[in-house]
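Here's a quick briefing to read with the structure open beside you. Have a look around first, then work through the notes in any order you like.

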Amino acid sequence: MAQGVTRRGLRWGIVGATTIAKEWMIGAIRETGGEIVSVMSSDAERGKAYAKANGIPHSTRSLATLLAKDIDAVYIATTNEKHKAQTLAAAKAGIHVLCEKPLALKLSDAHRMVAACREAGVVMGTNHHLRNAAAFRAMREAVASGKIGRPLFARVFHAVYLPPHLQGWRIRDAKAGSGVVMDITVHDADTLRFVLGEEPVAATAFTQQGGMGGAGIEDGVMGVVRFESGLLAQFHDAFTTAYANTGFEVHGSEGSLIGTNCMTQKPVGEVVLRNASGEHKLPLEPENLYVRSVANFQNAVRGKGTPSATGEDGIRSMALALAVLKSAQTGREVAVEPGL
Ligand code: NDP
């Protein structure tokens, strides 16, 4: 856990009666000493049942009611098209915002969200969990300290099987921001930027409809991203592959970092440094990714450091994902232009 979380935890409102909150974030908030004051759901009955099942004392259909509670922060995890309005409302109420990825569907909306939080003087974080993983922190440090010499290539293996309980809006509802690119490629984008410590400049990609996604909704993608230094990163994301491995590799002039089983929500995975002297397993101290995300956000609210991923990081991951989609649609290389 990040330092400085021993004082009273934050008081939180949860926006969205969601799976991610139930499976990870409610526990993570409580583990940092945080208190969950209320949950908002568009459906009163579902909200009540969700609150009861998760030990939350209050539920409401109204965002205004939730924001009027005595809370410090909101965790926004509704479907992607709702993040913008909810973030703007929270910022207006002077409440700190930890928002799920992708921040929005359009880059201009994400910019408005970040600007609104900045102008209101509230902290904004993007819940990119992977950069909190011990595996990626170790890889970032190995790259930065020159352990693989000049990084030349990266490869991201993030093709998974979307579990049946999540086969809803992600594969059916384009208005909610469905599709594997906005769901998974955004995470690759953030993790690549984090590990490599540089920015993507262009992308080319092909998408696939492999039988799970509804009409016009991609459920698989492969592509290549060029970074500022000339490094090329290859990525493969899918909802449809039940038997693939996940992994993340960086290959440099003096060595390779091979991360296996690391593109996951769980604090698992291992990283091997392979170089002229053989194979060396990097020592990792796994910790719950979401607890670290909440702890760093909490510290940022207290004026110490920044969230693990800031609002600007959320803009940058979206910009790459949108370039990937545009490349797949046009058959061309597309510049990554976050507008920051
Ligand atoms: P869910 O599908 O669980 O929930 C999304 C919305 O669907 C909820 O806000 C809820 O509406 C509605 N909903 C939930 N359950 C039901 C139901 N049984 N019947 C009808 N409607 C229902 O979303 P996820 O938790 O999978 O994802 C939410 C957000 O979190 C997305 O932005 C996603 O990209 C992000 N995410 C991030 C992850 C990460 O690791 N950073 C991992 C997973 C998701 P209402 O709130 O109005 O009740």
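What follows is a short tour of the domains, the core, one helix pair and a few single residues.

Keep in mind that this is a predicted model. The domain assignment splits the protein into domain 1 (11-129) and domain 2 (130-291 + 318-335). The largest nonpolar core has 102 residues, and it takes at least three residues from each of those two domains.

**Domains**

- The centres of domain 1 and domain 2, taken over C-alpha atoms, sit 26 Å apart.
- Where the two domains meet, 22 residues of domain 1 are in contact with 25 residues of domain 2.

**The nonpolar core**

- If you want the best-connected members, go to Trp 12, Val 74, Tyr 75, Leu 103, Phe 136, Phe 248 and Leu 257, which touch the most other members of the core.
- The top contributor is helix α8 (residues 180-196), which puts in 10 residues.
- As a bit of background, nonpolar side chains tend to be buried together in soluble globular proteins.
- Leu 257 is worth clicking on: setting aside residues up to four places away in sequence, its contacts include Met 139, Val 143, Ile 148, Phe 248, Val 250 and Val 272.
- Leu 282 also touches Leu 257, and beyond its close sequence neighbours (up to four places away) its other contacts are Ala 138, Ala 142, Val 271 and Leu 273.
- You'll find Leu 282 in the loop between β14 (278-281) and α9, and with a relative accessible area of 16% it is buried.
- Leu 282 and Leu 10 are 272 residues apart in sequence, and their C-alpha atoms are 34 Å apart in space.

**Helices α5 and α10**

- Helix α5 (residues 107-120) and helix α10 (residues 311-330) have axes that come within 10 Å and cross at roughly 175°.
- An angle over 145 degrees counts as roughly antiparallel, so that is how α5 runs relative to α10.
- From the α5 side, the residues in contact are Leu 107, Ala 110, His 111, Val 114 and Arg 118, and they meet Gly 311, Glu 312, Ile 315, Met 318, Ala 319 and Leu 322 of α10.
- Sorted by class, this contact has 7 nonpolar, 2 polar and 2 charged residues.
- Met 318 lies in helix α10 and counts as buried, at 0% relative accessibility.
- Outside its neighbours within four places in sequence, Met 318 is in contact with Pro 102, Leu 103, Ala 104, Leu 105, Lys 106, Leu 107, Ala 110, Met 182 and Val 186.
- Met 318 and Lys 106 are 212 residues apart in sequence, yet their C-alpha atoms are 8.4 Å apart.

**Loops and backbone details**

- Pro 102 lies in the loop between β5 (96-99) and α5, and the peptide bond leading to Pro 102 from Lys 101 is cis, with omega near -20°.
- Thr 310 is in the loop between α9 (289-301) and α10, where it is buried with a relative accessible area of 17%.
- Apart from neighbours within four places in sequence, Thr 310 is in contact with Met 124, Gly 125 and Thr 126.
- Asn 261 has a phi near 55°, a positive value in a residue other than glycine.
- Asn 261 belongs to the loop between β12 (256-260) and β13 (270-275), and at 45% relative accessible area it is partly exposed.

Definitions and conventions
Residues are numbered from 1 along each chain as its sequence is written. This is a predicted model: local features need pLDDT of at least 70, side-chain atom pairs count only at pLDDT 80 or more; totals for chains, interfaces and linings use all residues. Side-chain values use heavy atoms; hydrogens and water are left out. A nonpolar core is a set of buried Ala, Val, Leu, Ile, Met, Phe, Trp, Tyr and Cys residues joined through side-chain atoms within 4.5 Å. Buried means under 20% relative accessible area, exposed over 50%, partly exposed in between (1.4 Å probe, protein chains only). Helices (H or I, at least four residues) and strands (E, at least two) are DSSP runs, numbered from the N terminus. Domain bounds come from an automatic or database domain assignment. Contact means heavy atoms within 4.5 Å. Axes are lines fitted to C-alpha atoms, for helices over the stretch in contact, and angles run from 0 to 180 degrees between N-to-C directions. Angles under 35 degrees count as roughly parallel, over 145 as roughly antiparallel, 65 to 115 as roughly perpendicular and the rest as oblique. Ala, Val, Leu, Ile, Met, Phe, Trp, Tyr, Cys and Pro count as nonpolar, Asp, Glu, Lys and Arg as charged, and the others, Gly among them, as polar.
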